[in-house]
Each structure stands twice: as C-alpha cells, then as structure tokens.
Amino acid sequence: MRRILEAIAAILLPPACREEVLGDLHERYRSLLQYIVEALHTITLVIVSRIRRTTDPAIVLIRAFALYLSFLCAARIGGGDFLFDRWALISLAIPCAVALLWLTLDDAWATTSPRSAFSAARGRVVALLWALASQAAPRSTMLYGCLFSLLLLSAIRALERTRPRIG
Amino acid sequence: MAKADSLGQFEQLVLTAILTLRDDAYGVTIHAKVQELAAPREVSLGAVYVTLDRLEDKGMVTSWLTDPTPERGGRAKRCYKLEALGERALEESAVTAKRIWDQIAEVWGKEWARQWGKRWVKERG
C-alpha cells in the first residue's frame, strides 16, 4: 500500500522537486493516514510554489491575449451568428482558459530548464487539443481558433526565448 | 553590494534553522528545527518548501542534491546553505528584533523582562 501511495505522489509531484519531496515524506512516514494527510498538504503547496517559480505573469497575460484574439478572429471568420449570442464572448473565454491552464501546468511539470523546442511545441499542441475538447463554440470556430492560437503561441515562444525572464 | 530584502517571520525561522543546522540542513531537519523555534505553533512541511523556494529565488540560500540513501527509500536529499545575502538579511532581522526587545523592556520594566526571560528558559527546558 505504501509503495502505491508513493507512486501516486511521484506522479502528482513536478519532476523538478520530486526526488527530495518523496525522500522527505518517506523519512517522515509513521502511518498510512499520516502519510496521506501530509502528502496531500505538501504536494498541493509544492505544486503552487512550482507554478509560481515557472510562471512569468507577463507571458501569461500575452498568451491569454493571443488565445482570446485567435478565438475571436476565428468566430468572426467562421461566420454565422455565434458572435451575436448573449454569452458568445464568455464562451470564447472557456477554451482560452483551458489552454492557458494546461500551458501553465506543462511549464511547471517540465523536466528540463530551459525547455527544448520539441517539448514546448508538444505542450502547445496538447493544450490546444484540450481547448478543442471543451467544445465551447461552434466546430469551425474551435478549429480555426486552435490553428490561429498555435501560430501565435509559437511566435510568442520564439520571442520568449530571446528576452530575459521578468520578475 | 546588493541590498538584502526584509524578511517575513517565517523566512527568519527558516534561515535561522539553516544557519544552526549547518551541513545537515535539508527538508526534514529544517522542518523539525522550524517547528521547535515556532512552538507551540504547528508548521507544515509544505510551508517550509514554499519558503525555501522563495528564499532560493531571492538568492539568500542555495541548494544541491546529495546521493540517494536507503533510509529515504533510495531518494536523494536537497541540502541548503545560507548565502551572504541571507546572512545579512538575517543579521538585520536579529538587530531589529533586539531593538524591539530593548524598547519593550524599557517601557514594561526590567523586572518584567527578567521574569519573561526565566519563563522562556523554563519552557525550553
């Protein structure tokens, strides 16, 4: 049982701090219940801390803007009356939020720093697949939106590599 | 010389723990020492990690991974060392705390300070 719990904890922990946190939790093990309670509390805080360390607020804002702009343009190009819907602008924010959340988590779980171009590209594609799966807008809008987002996010990534980290 | 940031109380506790533990400062021992310093307040292991990350980002501590050991399930330790910036920040905090203590003792009286000191020594055994 303990091995299973440790394996679950290993999956949940970001790779950058997995080794030491698992070792510390192992060393402090007294009972299964104590391990579960401590692991849950510790892993939550470690993830939040890791996200804080790997997230640049300026980049998050630029990504959010790029994603929303992409889906907005896609809705305009896709035609139809979708943009005239009462909740259209909020619906367009859903795939953006899903993609942004995935991109943030993907950065936190990255195994290398700085990330390889392939790993970052894979992260972008998976984030947009999750956005596509949200089905918050008509299919054509979602498809065009993901395509435009992929282009803009790739451009942002290229710029990101040439500028120093803020904060 | 870079100016040291002012420290929060929990950061002071973590830096003090690293300072006193010297070569044996890693997650578990730092947590135990912080718990001892913060008593009777309960301190979580996660809060210690968050603070260590923040202190490392500020350049006050540095860390490195040791070799894996069997008592840790074959996992390595992340050891921490105080940097000059951290030492300076801790020194400034200690000086400020001493000034506060002196002012309180002056207002509330020397007898109160003596009694408080005796109670503190008794509580800590």
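**Two chains, questioned term by term**

Modeller: Let's start with confidence in this predicted model. Of the elements in chain A, α3(A) has the highest mean pLDDT, 93, and helix α6 (residues 117-133) has the lowest, 88.

Biologist: What is the mean pLDDT of chain A, and what share of its residues reach 70 or more?

Modeller: The mean is 88, and 93% of the residues of chain A reach 70 or more. That scale runs from 0 to 100 and gives the predictor's confidence in each residue.

Biologist: Happy with that. What pattern of elements does chain A follow?

Modeller: Chain A reads α-α-α-α-α-α-α along its sequence, with seven helices and zero strands. Its C-alpha atoms fill a box of roughly 60 × 35 × 25 Å along the principal axes.

Biologist: And which elements does chain B have?

Modeller: Chain B has five helices and two strands, in the order α-α-α-β-β-α-α. The box for its C-alpha atoms is roughly 55 × 40 × 20 Å.

Biologist: Now a helix. How do you know that the span of helix α4 (residues 57-77) of chain A agrees with what is expected?

Modeller: The helix has 21 residues, and at 1.5 Å a residue they should span 30 Å; the end C-alpha atoms are 30 Å apart, so the two values agree. The expected span is 1.5 Å times one less than the number of residues.

Biologist: Which residues of α4(A) are buried?

Modeller: They are R63(A), A66(A), L67(A), S70(A), F71(A), A74(A) and A75(A). To be called buried, a residue needs 20 or more other C-beta atoms within 10 Å of its own.

Biologist: Why do you put the buried residues of α4(A) on the same side?

Modeller: The buried residues cover an arc of only 165° around the axis, which puts them on the same side of α4(A). In general, an α-helix has 3.6 residues a turn, so residues three or four places apart point the same way. On the other side of α4(A), P57(A), L61(A) and R76(A) are exposed. The cover over the buried residues of α4(A) includes α5 and α7 (139-160) of chain A.

Biologist: Since α5 has come up, what makes A93(A) partly exposed?

Modeller: A93(A) has 17 other C-beta atoms within 10 Å. Buried takes 20 or more and exposed takes 12 or fewer, so A93(A), with its 17, is partly exposed. A93(A) sits in helix α5 (residues 88-108) of chain A. Its C-alpha atom is separated by 27 Å from that of A117(A), 24 residues apart along the chain.

Biologist: What share of chain A is buried?

Modeller: Buried residues are 27% of the 167 residues in chain A. For chain B, they are 29% of 125 residues.

Biologist: Let me try a helix of chain B. How do you know that the reach of helix α2 (residues 27-38) of chain B is close to what is expected?

Modeller: With 12 residues, α2(B) reaches 16 Å from its first C-alpha to its last, close to the 16 Å expected at 1.5 Å a residue. Its buried residues are G27(B), I30(B), H31(B), K33(B) and V34(B). They cover an arc of only 170° around the axis, so they are on the same side of α2(B).

Biologist: What do the buried residues of α2(B) pack against?

Modeller: Within chain B, they pack against α1 (9-21), α3 (45-57) and β2 (78-82), and together with these against α2 of chain A.

Biologist: So how many residues of each chain are in contact?

Modeller: There are 18 residues of chain A in contact with 18 residues of chain B. In chain A, α2 (15-27) and α3 (32-54) each supply at least two residues of the side that touches chain B. That side of chain A divides into eight charged, six polar and four nonpolar residues.

Biologist: Last topic: which domains does the domain assignment give for chain A?

Modeller: The assignment gives domain 1 (2-53) and domain 2 (56-160), with C-alpha centres 31 Å apart. Five residues from domain 1 and four from domain 2 make up their contact. On the side of domain 1 that touches domain 2, α3(A) gives the most, with three residues. That side of domain 1 has four nonpolar residues, no polar ones and one charged.

How values were computed
Residues numbered from 1 in each chain as written. Chains lettered and ligands numbered in written order. Predicted model: local features only at pLDDT ≥ 70, side-chain atom pairs only at ≥ 80, totals over all residues. Contact = placed C-beta atoms within 7 Å. Helix = DSSP H or I, 4+ residues; strand = E, 2+ residues; numbered from the N terminus. Nonpolar A, V, L, I, M, F, W, Y, C, P; charged D, E, K, R; others polar. Domains from an automatic or database assignment. Arc of directions from axis to C-beta.
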